[in-house]
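Here are some notes for a colleague who has the coordinates open. Please read them alongside the structure.

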Amino acid sequence: MSRPAILFVCLGNICRSPLAEAAFRAAAETAGLDVEADSAGTAGYHIGSPPDPRSVEEAAKHGIDISGYNGRQLTEADFERFTHIFAMDHQNLANIEAVRPAGSRAHVSLVMDLVPGRAGAAIADPYYDGEEQFEATWEDVEAAARALVTKLSV
Ligand code: 4NP
């Protein structure tokens with residue numbers, strides 16, 4: 001397989017998808033896997049912004065510094081650059097498909113489809129919730145990251 005290039009997508013690119021990117025980068029590094037990884041939002045609300053402080057703190061709890069990540073919006077070019085695009089929820093999935101250029105063959109699916117027994121599940125938007133929801137988000141994206149690394153390692 002050519003080098004996998006993975007994009008994680010949520011709405012704002014400040015809460016869920018930066019954590020998914022961080023969990024995947026860490027899992028890939030541990031496995032010695034050479035991958036490209038990034039994250040983006042379907043909306044343009046937080047272009048250039050660092051992740052939400054609650055996501056920065058959650059990643060830090062796991063020894064990962066995401067304070068230097070910058071929010072950006074999904075573009076048509078992402079469908080050329082990335083082999084796989086993973087949506088956090090069903091609305092993200094619909095919004096991603098709406099941007100897909102004609103002829104693109106990038107694989108687009110829900111990120112939790114990666115986790116056995118969780119196919120079709122969404123990672124709920126934690127933006128209006130408490131810190132415990134960021135912990136739950138981390139657990140979900142980490143499970144997905146591990147499953148993806150296993151899949152890419154065979
Ligand atoms: P995210 O969370 O999609 O996980 O980054 C959100 C962040 C910001 C907003 C919504 C969701 N917002 O409405 O600004």
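A residue counts as exposed when its relative accessible area is over 50%, as buried when that area is under 20%, and as partly exposed in between. R146, with a relative accessible area of 52%, is therefore exposed. Please keep in mind that this is a predicted model.

1. Strand β1. This strand covers residues 5–10. Six of its six residues are buried, so β1 is mostly covered. In a regular strand, side chains alternate between the two faces of the sheet. Here A5, L7 and V9 point one way, while I6, F8 and C10 point the other. Both sets are buried.

2. Strand β2. How many of the six residues of β2 are buried? Five are, so the rest of the structure largely encloses this strand, which spans residues 36–41. D38 sits in β2, and its relative accessibility of 16% makes D38 buried. The C-alpha atom of D38 is separated by 14 Å from that of R3, and the two residues are 35 apart along the chain.

3. Pairing of β1 and β2. The two strands run parallel and are joined by six bridges. Among the pairs, F8 has S39 as its bridge partner in β2. V9 is partnered in β2 by A40. V9 and F8 point opposite ways from β1, and both are buried.

4. The loop after β1. N13 belongs to the loop between β1 and α1, the helix at 16–31. Most residues other than glycine have a negative phi. The phi of N13 is positive, near 60°, and N13 is not a glycine. Is N13 buried or exposed? N13 counts as buried, because its relative accessibility is 3%. Please check this residue by eye.

5. R81 with D38. The structure holds 13 salt bridges. One of them pairs R81 with D38, and their closest N and O atoms are 3.6 Å apart. This pair links distant parts of the chain: R81 is in helix α3 (residues 78–81), D38 is in strand β2, and their positions lie 43 residues apart in numbering. Which partner is buried, and which is partly exposed? D38 is buried, because its relative accessibility is 16%. R81 is partly exposed, because its relative accessible area is 40%.

6. E97 with R100. These side chains also meet in a salt bridge, at 2.7 Å from N to O. E97 counts as partly exposed, with a relative accessibility of 35%. R100 is partly exposed too, with a relative accessible area of 24%.

7. E142 with R146. Where does this pair lie? Both residues are in helix α5, four residues apart, which is about one turn of the helix. Their side chains form a salt bridge, with 3.4 Å from N to O. E142 is partly exposed, because its relative accessibility is 26%. R146 is exposed, because its relative accessible area is 52%. Elsewhere, salt bridges that share partners join E36, D38, R72, D78 and R81 into one network. The bridge between R81 and D38 was described in point 5.

8. A negative patch. Which residues gather in a patch of negative charge on the surface? They are E57, D125, D129, E131 and E132. D129 is placed in the loop between β4 (107–110) and α5 (131–153). D129 counts as partly exposed, because its relative accessibility is 36%. A patch takes residues with over 30% relative accessible area, so D129 clears that cut-off.

9. The loop before β4. G103 is found between α4 (90–99) and β4, in the connecting loop. G103 is exposed, because its relative accessible area is 70%. The C-alpha atoms of G103 and F79 are separated by 9.7 Å, and these residues are 24 apart along the chain.

Technical notes
Residues numbered from 1 in each chain as written. Predicted model: local features only at pLDDT ≥ 70, side-chain atom pairs only at ≥ 80, totals over all residues. Heavy atoms only, no water. Patch = residues over 30% accessible without salt bridge, like charges linked within 9 Å, V, L, I, M, F, W, Y side chains within 5 Å. Areas by Shrake-Rupley, 256 points an atom, 1.4 Å probe, with all protein chains shown as cover. Salt bridge = Lys/Arg side-chain N within 4 Å of Asp/Glu carboxyl O. Lys, Arg positive; Asp, Glu negative; His and termini not counted. Charge placed at Lys NZ, Arg CZ, Asp CG, Glu CD. Buried < 20%, exposed > 50% of the residue type's maximum accessible area, 1.4 Å probe, protein only. Pairing = 2+ DSSP bridges.
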